[in-house]
Every structure is written in C-alpha cells, then in structure tokens.
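Please open the model in your viewer and keep the sequence beside it, so that each selection can be followed in both.

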Amino acid sequence: MKFIIAVIKPQKLDDVRKALTDLGVEGMTVTEVKGFGRQKGHTEVYRGAEYNVDFMPKVKLEIAVAADRVAPTIDAIQKAAQTGRIGDGKVFVLGLEEIVRVRTGETGDAAL
Amino acid sequence: MRDYKKALTNAFVKMAPGVIAATVVTGAAHGQEMPAPSEASTFVFNTSLFLISGMVVMFMAAGFCMLEVGLVRSKNAATICVKNIALYSVAGIMVWLLGYNLIYGIEEGGFIGKFAVWGFDESEALENGYAASSDWYFQMVFVATAASIVSGTLAERIKLFPFLIFVAILTGLIYPIQASWKWGEGFLHTAFGFADFAGSTLVHSTGGWAALAGALVLGARKGRFEGGRVNAMPGSSLPLATLGTFILWLGWFGFNGGSQLALGTIDHAMSVARIFVNTNMAACAGVVTALLLTQLRFGKVDLTIVLNGAIGGLVAITAEPLTPTLPAAVLIGAVGGVIVTFAIPLLDRFKIDDVVGAIPAHLFCGIWGTLVVPLTNSDATLLGQLAGVVIIGVFVFAVSLAVWLALKFTLGLRASEEHEQLGLDKAELGLEAYPEFANG
C-alpha cells in the first residue's frame with residue numbers, strides 16, 4: 001500500500017478527480033493549501049502599490065492505493081494536472097503501514 | 001443652503017396664485033404659466049423632501065461602513081463596524097445637544113451660533129414652509145456624513161474611544177461652527193458670497209481636513225512604508241467595498257437633491273430632478289476616468305481606485321449640482337476621477353496612510369468642486385470660493401490638529417504595536433468578524 005500526496009493547481013482539481021475516478025480510485029481527501037516551489041510568488045497591484053504574493057494557492061490531494069495501483073495513479077495525476085507551465089505542482093509517494101475502516105474494523109487492502 | 005430656500009419659499013408664500021417668479025435655473029420653465037400649488041401641498045412636499053432625502057443620506061452611513069470594512073483587513077473588520085454605527089449615533093446626540101443651534105442660531109454675518117439644546121418647536125413651520133423636525137433630521141444626517149469620512153482614513157490603528165471623543169467634538173462643535181458661516185448665513189455667506197450648495201467644502205472637505213490632521217498625528221499603519229517602499233495592505237472584501245460605493249452613490253441623490261431644500265413647486269421639482277441627473281453624470285464620469293487612467297498608469301484596472309473615482313466625482317459636483325449643463329457636470333466629475341487616481345499614490349509618497357482614500361476623494365475633490373462653481377454659476381466668484389476653502393480649511397485643520405494632539409498626549413490615540421499586529425477586533429473587542437474561518 002502506498003500513500004500518495006499530490007499538490008496541484010486549484011483549477012486542475014476537477015480534471016484530476018475525473019481521471020482518478022475513471023481509474024477506479026475509491027476515495028481521496030482534498031485540502032486548500034498555500035506554498036511555493038520554483039514558481040516562487042507573483043506580484044499584484046493594490047491601490048497603485050505593487051506587492052508580492054509569496055505563497056501561491058494550491059490544492060493538496062491525499063490518496064491511499066494498493067501497491068499494484070500506484071503507477072497508474074501517479075500517471076493519471078501527472079497527465080491530468082499538467083499545463084506545462086511553471087507551478088504545476090508535485091506528487092509525493094510514501095509507504096503506508098496500515099489502514100483501518102472505522103465502520104467495520106476491516107484492515108489493509110480490504111479497507112481501501 | 002438654507003438661505004437659498006428661505007428666499008424661495010417666502011417668495012412663494014407672499015405671492016398670489018399664478019405665475020411663480022422662480023430664480024432657479026430650469027431652462028424651459030421660464031416664461032411659462034404654471035399652476036400654483038396650495039400652501040398645504042407645498043408644505044407637505046417640502047417636508048417630504050427632507051424626510052426622504054434624509055433617509056437615504058442616513059443610509060450613506062451604511063455605505064461608508066461597507067466601503068471601509070471592505071478596504072480593511074479582516075482582523076479589523078468588526079472594529080470598523082463598531083466605529084461606524086457609533087459615530088452615527090454620537091453625531092445624532094451631538095447635533096441635538098449642540099450642533100443644530102450652533103449652525104442656525106447664528107446672527108446674519110456672524111461668527112458663532114447659539115449654545116442651546118434643540119427641541120421640538122413647530123411655531124414657525126408654516127412660515128418656513130416645512131416641518132422644523134424634518135429640517136433637523138436632514139441636517140443631522142449631513143453631520144454624520146462628515147464624521148464617517150474620518151473613520152476610514154484612520155482605520156486599523158486608532159483606538160475606539162479616543163476616536164469617538166474626536167467625533168463628538170467634530171459633530172458638536174467643529175462642523176457646526178464652520179457650517180454656520182455659510183448655511184447659517186454667517187460671515188462667509190454675507191461678506192464673501194461663498195457658494196456651497198450641498199457641502200463640497202462644508203461637509204466633505206471638513207471631514208477630509210479632520211481626517212488629514214488625524215492621519216498626520218496618528219502615523220501610518222505598522223509596516224506600510226517600511227523598507228523604503230510602499231507596502232500594499234489589500235482589503236478583505238472588494239465586493240463589500242463596491243456595495244458600499246453603490247450605497248453612497250444612491251445616498252448622494254438625497255444629499256444633493258435634498259439640498260434644494262424645497263419640492264413644493266413645479267420649479268423646485270424640476271430643479272431637484274436636474275440635480276439628480278447632474279449628480280449621476282458626475283459620478284459616471286469619475287468612474288470612467290479612473291477606469292481608463294488606472295489602466296493606462298498601472299497596466300491594469302484598479303478597482304478600489306475606480307470606487308474612489310465615483311466618490312470623487314460625487315464630491316466634486318456637490319458644491320453646485322444645479323447650474324451645470326450636462327457636459328459641465330461630466331467635466332467636473334471627470335476631474336474628480338483624475339484627482340483620486342493621482343492623489344492616492346501621491347499621499348503614499350508623503351507617507352500619509354489613508355486606508356480608504358478619503359483624503360483624495362473628499363478633501364481634494366471637495367476643493368476642486370468648490371473652486372469650479374463660478375464656471376457654471378455666475379452668482380459665485382473665484383475669490384469668494386477661495387476664501388471659503390481657505391478659511392474653513394484653516395479652521396477645521398487647526399482645531400482638529402489641536403484636538404488630535406490633545407488626545408494623543410492624554411488618553412493616547414494609537415493602539416499598541418502588539419494590538420495592531422493582532423488586529424483591533426481581538427485586541428479591543430475580543431471577537432472576530434468572521435469567527436468560522438478564523439481558526440482554519
């Protein structure tokens with residue numbers, strides 16, 4: 001089992017959700033976050049004065065998948081979230097020790 | 001404005017039914033035979049004008065509140081709401097206790113009115129042609145408008161109670177004394193022929209001078225001009241700021257239209273209607289000018305400066321909304337739009353922190369609107385206008401500065417650095433404007 005964390009552009013969330021549900025991913029957790037990478041921030045103008053926005057708004061997805069589904073999931077996120085411009089985001093993959101479904105007490109792959 | 005009305009209503013009352021010898025500029029009406037209204041209907045319409053105009057001017061307090069709440073950061077939003085509803089209420093009480101009789105208890109050509117509490121008295125109502133209470137109400141909401149101007153400039157860093165003490169002095173003494181010089185038929189009216197129809201100088205510049213004195217004494221928000229540059233502090237809600245501007249625009253029809261001070265004759269009705277159109281045109285021109293100028297200057301349209309453009313146009317036309325032709329009204333409003341677009345960055349350069357742009361919109365555009373009156377109204381002279389602007393400016397600025405300094409060295413004006421950083425909502429009120437998102 002793997003735990004996938006993807007940070008993507010907010011406007012790509014719908015595309016990514018669709019790509020993942022098409023793939024058969026059963027669930028995900030989504031959070032609005034802010035941060036910066038190579039894109040750094042950008043400048044905006046308010047009442048004639050420029051100011052820096054250091055942290056860009058992004059969306060963070062958290063998805064737990066069975067070991068054999070990791071590669072297609074990452075692939076689907078990468079393709080759906082890509083615009084080709086700086087700031088498209090990143091996908092992190094972590095090991096996942098255990099999952100418990102709260103309603104039934106099922107564990108491991110059965111809880112996915 | 002009162003002198004203007006008295007002359008007209010008296011002229012009407014004394015005249016036999018038939019032709020109304022109107023002095024108002026209503027173009028087509030001249031030389032026409034017009035049906036004469038009864039004294040009762042004149043009285044009812046005059047009084048209604050005061051009451052209905054007064055209600056929409058009262059609502060301008062909500063407009064100022066929304067404009068200001070939208071342009072402050074969310075950590076100070078509840079405090080600005082408290083200040084706005086409190087300043088309106090303090091103004092109401094002070095105009096009752098001191099203000100009204102200071103304005104209208106003055107002798108012709110005099111310098112100061114009577115110190116006397118106002119009370120219900122309709123003994124001269126029939127002679128005047130309107131209910132006395134309706135006039136009190138209409139004047140009271142004007143005074144509140146001047147106080148609203150101050151709160152926006154000083155937002156996010158001034159302590160609540162010292163601010164309200166200043167408001168009490170402004171609305172009970174400073175505003176009434178200078179207003180009496182013109183609207184109470186004091187010396188500015190008699191000796192200088194100063195003209196200010198609805199208060200570009202008497203209301204808006206007065207609020208603006210008080211705000212400027214306050215901004216100088218109080219200093220800029222922490223971090224606003226640090227590091228040798230101007231640091232923007234974006235407002236929390238531009239939709240609310242826009243709503244506030246629309247409310248102010250609506251209120252201005254009462255502000256300027258009501259300042260005709262009479263609706264009881266066909267001539268007055270035509271004048272009020274003409275004032276509505278000119279008022280609207282000036283605001284439209286202010287917006288379009290600011291829209292184009294910010295696009296040219298900054299490469300993008302700057303919404304909050306465009307909102308100031310509407311206010312700038314409205315303030316500019318307020319000194320004389322009746323006599324301008326349509327092109328003149330557009331020109332007067334457009335220059336208001338130019339003034340705000342250039343004055344907002346200019347104040348920043350002088351490190352004067354005006355959170356909502358009240359000084360450019362109300363003070364600078366108020367001066368412009370007052371000085372341009374002779375262009376369309378031959379009864380006014382540039383010298384007389386200049387005298388009014390300077391005399392009222394010096395008086396209001398000097399007294400305000402003294403009061404702000406006195407408050408600074410007694411109670412203290414400014415919230416502590418820690419409180420400013422935390423936000424005045426938590427520090428002064430112990431609450432948050434948007435608690436459901438605050439801990440997210």
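How many bridges join strand E1 (residues 2-8) of chain A to E6(A)? Select these two strands, which run antiparallel, and you will find that seven bridges join them; helices (H or I, at least four residues) and strands (E, at least two) are DSSP runs, numbered from the N terminus. This is a predicted model, in which local features need pLDDT of at least 70 and side-chain atom pairs count only at pLDDT 80 or more, while totals for chains, interfaces and linings use all residues. Residues are numbered from 1 along each chain as its sequence is written, and chains are lettered from A in the order in which they are written.

Next, pick A:Ile4, whose bridge partner in E6(A) is A:Val93.

Widen the selection to the open sheet of four strands in chain A, whose order is E2-E5-E1-E6 with antiparallel pairing; two strands pair if DSSP finds at least two bridges between them. At its edges, strand E2 (29-35) and strand E6 (89-95) of chain A each pair on one side only.

Now add helix H2 (residues 70-81) of chain A, which packs on the sheet and touches E1, strand E5 (56-65) and E6 of chain A. Contact here requires C-beta atoms, placed from the backbone, within 7 Å.

Finally, move to chain B and select B:Leu170, which, leaving aside its neighbours within four places in sequence, is in contact with B:Ala146, B:Ala147, B:Val150, B:Tyr175 and B:Ala210.

Note on methods
Contact = placed C-beta atoms within 7 Å. Axes fitted to C-alpha atoms, helices over the stretch in contact; angles between N-to-C directions.
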